[in-house]
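Let us read a structure together, feature by feature. A learner asks and a teacher answers.

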Amino acid sequence: MKKQIITMLSVLVVGTTLLTACSGSNEGNASDPNGSSGESGSKVKLTGVVVKHPLTKPLAEMEWLQQIEEAAGVDIQWQEITADWGQKKGTMLASGDVPDLFVGPNVITDADFAQFNGLFQDMSELIEGAPNVQKMFEEKPETKQISTQRDGQIYGLAKYQRFWPDTVNRQYINQTWLDNLGLDMPTTWDELYDVLVAFKEKDANGNGDPNDEIPMDWSGGIGGFFNPAVLLGGMGITLSSDVSGQGYFVEDGKVKNFLTDDRYKELVIFLNKLYKAGLINSEVFTHDYTKLQAVARGEGDTAKVGFTWGWVASDRFGEQLAPQYASMSPLKSSSSYSGPVSWSYDSYTLNYGANNIVMSAKTKNKEAAMRFINELYKPEIGIQVLFGSIGPNIEDKGNGSYAVLPPKDTKMDPGTWKWTSTWADNGAFYISDTIDLTLGKDMQEVLTQSEPLKDALAQVDSQVDIYPGTFVKYTNEDNNAMSLNNTNVMNLANTTFAKWVTKGGIEAEWDAYVKESQKAGLDKNVEIMQKYYDEFVSKL
Amino acid sequence: MEKISPRLGGGEILFRMVLFTICALIFLMVAYPLYFIIIASVSDSTLVSTGKVLLFPKGTSLFGYGEIFKDERIWTGYRNTLFYTSVGTLVNLLFTLPAAYVLSRKEFKARKYIMFAFVFTMFFNGGLIPTYLLMKDLHLTNTPWVFIVPFSVNVFYLIIARTFFESTLPPELYEAAAIDGCSHFVYFVKVALPLSKALISVIGLYYLVGHWNDFFTALIYIRDNELKPLQIILRDILLSNQVFASGAGTGGDSGGYAQKYADQIKYGVIIVSTLPILVLYPFLQKYFEKGVMIGSIKG
Amino acid sequence: MRSVMKLGAVKRDYQLWLMILPALATIFIFNYIPMYGVQLAFRDYDFSKGLTGGEWKGLFYFQQFIESYLFSDLMRNTFFISLATIIIGFPAPIILALVLNQIRRKSFKNVMQTTVYLPHFISVIVLVGMLNVLLSPETGIVGHLMKAIGLGHINLLASSNTFIPTYVISDIWQHCGWNSIIYLAALSSVDPQLYDSSKIDGASRWQTIRYIDFPALMPTIVILFILSMGGILSTGFEKIFLMQNALNLPVSEVIATYVYKMGIVSNQFSYASAIGLFNTIINFIFLYTMNTISRRVSDTSLF
């Protein structure tokens, strides 16, 4: 009997060894052709992690990447990550088991640099051998500011993508519905209310059913992208998406938080009025993103949503319904309001990024890694990192001008095509203001639809009216304290906002809520941020 | 059981009616959502999320499956998962069952302490980083062994197995066998195991499904694409759908085109990953039939 | 005679030790060796000095958690959600197993068993996506049904009153069949003679369930119950996180989701370890107490 067990065990052991040996040798064979043992003996081998969009094709198929690896004399073995980066990063850094290069949007954060002291390469000296990076720093000093830590080290390099609009949010109303009902474009909250009532009560979309219109919709919650916080612009508050997700904004040189501001109270009262009148989607706080998008896409030519916010009409409503919608100017809170009307100003968030490429301190051949980074930051490469390779994605018109080509697959939209073809916004690159590039249809649409917001954004002084969230480097201690406080503040804000909009009661509970917010740490954060704001402004 | 047909008294008829009603209700409650997954995996996602797809698929297309199988990694993933699952489960059973048997023996003096030491690990652990460092030192990271060797004993299943041995093997049985000069090895292999087919199938199934569904090990310890199991690849595909939610903003409209079919992928992934395991269950089911154990004793 | 017996015992024991050795070894290597990491909860994490080199902070991080703004809400929510899951979710697979065991026709039984175990394989992301679609008060099938039976327009996902029931019931829906497998296996070990003789005694089926099937399940039930009490503060993370919205947040914010939102998963290793250890200790106390009670009362226990 014993024998039998032993035989069984040994068979198992031998069997498994054989199996793994087989799969082991398979891998060897499979990876060899891609490796460069034969053709490039002199190339420097590096390893890299790239955090890319899930739609993005394999890096091996990106022409521009092969070209610059060739030009820099490096052969990089990339690990391509599309999901769960946060979780992978934790163990990777803590164990010190890191690749030579990291690429991705804020792929390693300033907090990581502070915590994993010694793991990352200070590139400030290496950059002397990288003229393209230096050129970016000279032409766009902001990028140098973003890349430099409090103590002067440069661990991660910024990107600059130039073409993006000044704001994330655009406000849309269904122009066809307005025309059907003979209404004018609203300019104040009260006019908006009347329009929405008409949308609800009448058969605005003309399909014979007066009850299938959803007058107003958004993704739920307060703060963040595409939600009613932008209406605060109608009372002069300028948001910026870096910090306004948690309610922070700057006014007259003071950092404030709208969550405890009387104007926010007014907004919530207004939203509650809309909700009570049945003008807001009853599932506004519970639907997920898929449903939010699906509802706005309507049925065929029949639109369902009257008023909402989004990035661009074709994405928010689908190609078929997008022409029905008009982009709107910000609404004044009341016809008697005479102060400035503002909006959310996000140019820094959209056009700059921090820590898009980071080098490990353990990299054996740092010069080679820097050569690669230098190639990457060439402006002619930059447009390819963002929009795809010259040839399939970009047309070289000669004499230094380029044009983004429409997708090969006509069913695909240009936005998606960009993400499938290249690193796109996730990459590290510099697009100089001088390079001549004609944008694709998607970007042109975004810029056109931003036109109605121009006046509101023009009155913003981007240097002092906006919290410099992109530029500020917090100490580790402040950073931790702020994230802790923000979690508490937002827990309270989200809960009360949803309750007050759907059920009302803000008047009675407001004072207690303000006190509670302070207890949750809101004032402390405002204080911390004011300190950094003052420091930033004093250096201007 | 079937031998003696029950008398059809009033109580029995009522019992059958109640039983049938309960079963029918349970069946409907479980089966409809499963059916929904199938029709949603081939329907237009916009229609699905607006509630237009209730009983029949609408806007049918196989785009989702196309997207899933377009990913070449799927096939390597299947191969790897099959290997990790089969070898992993075998090792699990080889390590767990003898240990469970030992811990079920009342005469084994150390059992209380060992049991406590085992249960302790269900609660306290050193955390991910020390574990990762250990794996790295043992050269297990980025190898197939990381799926098989570490954690080859799941304490929860060990306890279930022990309880089963304790409650189904009559103590007299071993005493009788011992008098015949039967050692623990022999008794375990010749008597205990054959009597525990139901248990082996359950524990085996639990382990197997554990391996099959495991993505976390690969997430943390595997970097090489060639070694990735199916679940991590499907998770990548699945999460790509979620990313659309935050795709706007800096990214712009990253998913306008894929959006329409995004949910198809979501539901398709479930079907692709579950089908192979689905066919397995009926084979194991026969071991749960009543009387398997006692029958084999007598036989 | 005596010495022969003793010799036999030694021989017997050496075989037992040999059989448990592989399990002991893996548990020791992979579970006990990394356990030095527990001290992270009492130290600052300092990358350059290694896991055990950071400054000793004692109970600082525990205190930080206990004094944190949401501590009492988090404890209450976590406790209620898992208690509800145990109270309602624990008996469900037992009842299901007893019901399935009563089905006489084999083909019907097979279909039922296979169906009920399938939902286990649905990933959390998809499950929550389905809940959103099916439970929608406007467009979901459950919404339609509720309207049809006159419950009116209720958004199950949007209220702090319905969050816990929805969470628990969907959990039962998903895992009940899977968890019943273990009980079905235990039922298969019942001696058929017992059924035969009970039938001869004229026992009704209800009586067979009560006096034969249920007692056969008892040891498994007790053990699994003790273990589930050891999970009193482990609610899981992903499903709750995905089901959260601003309206149910007052009852759905639990320790795991709070920890995630603070971003300490990736950064504040010491704080995260401290919260983890705090959870673990409470869980372990519950398990230990249940185990002791059970050993006194029913003679079935883990250790």
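The dialogue below takes up a helix pair, a residue and a domain contact in this predicted model.

Q: How are two packed helices described?
A: By the angle between their axes and the distance between the axes. Take helix H10 (residues 262–276) and helix H19 (residues 476–503) of chain A: the axes come within 7 Å and cross at roughly 45°.

Q: What are H10(A) and H19(A) to each other, oblique or roughly parallel?
A: Oblique. Roughly parallel would need an angle under 35 degrees.

Q: Which residues of H10(A) and H19(A) meet?
A: H10(A) brings A:Val268, A:Leu271, A:Asn272 and A:Tyr275. H19(A) brings A:Phe497, A:Trp500, A:Val501 and A:Thr502. By class, this contact has 6 nonpolar and 2 polar residues, with no charged ones.

Q: Now a single residue. Is C:Ile164 buried or partly exposed?
A: Count its C-beta neighbours inside 10 Å. C:Ile164 has 19, so it counts as partly exposed; buried starts at 20. C:Ile164 sits in helix H8 (residues 163–187) of chain C.

Q: Which residues does C:Ile164 touch, not counting those up to four places away in sequence?
A: C:Phe80, C:Ile81, C:Ala84 and C:Val251. C:Ser82 lies 82 residues from C:Ile164 in sequence, yet their C-alpha atoms are 9.5 Å apart.

Q: How is chain B divided?
A: Into domain 1 (8–60) and domain 2 (64–298). Each domain gives 10 residues to the contact between them.

Q: Which helix supplies the largest share of the domain 1 side in chain B?
A: H2(B), with 4 residues. The residues on that side of domain 1 of chain B divide into 5 nonpolar, 4 polar and 1 charged.

How values were computed
Residues are numbered from 1 along each chain as its sequence is written. Chains are lettered from A and ligands numbered from 1 in the order in which they are written. This is a predicted model: local features need pLDDT of at least 70, side-chain atom pairs count only at pLDDT 80 or more; totals for chains, interfaces and linings use all residues. Domain bounds come from an automatic or database domain assignment. Two residues are in contact if their C-beta atoms, placed from the backbone, lie within 7 Å. Helices (H or I, at least four residues) and strands (E, at least two) are DSSP runs, numbered from the N terminus. Ala, Val, Leu, Ile, Met, Phe, Trp, Tyr, Cys and Pro count as nonpolar, Asp, Glu, Lys and Arg as charged, and the others, Gly among them, as polar. Axes are lines fitted to C-alpha atoms, for helices over the stretch in contact, and angles run from 0 to 180 degrees between N-to-C directions. Angles under 35 degrees count as roughly parallel, over 145 as roughly antiparallel, 65 to 115 as roughly perpendicular and the rest as oblique. A residue is buried if 20 or more other C-beta atoms lie within 10 Å of its own, exposed if 12 or fewer, and partly exposed in between; C-beta atoms are placed from the backbone.
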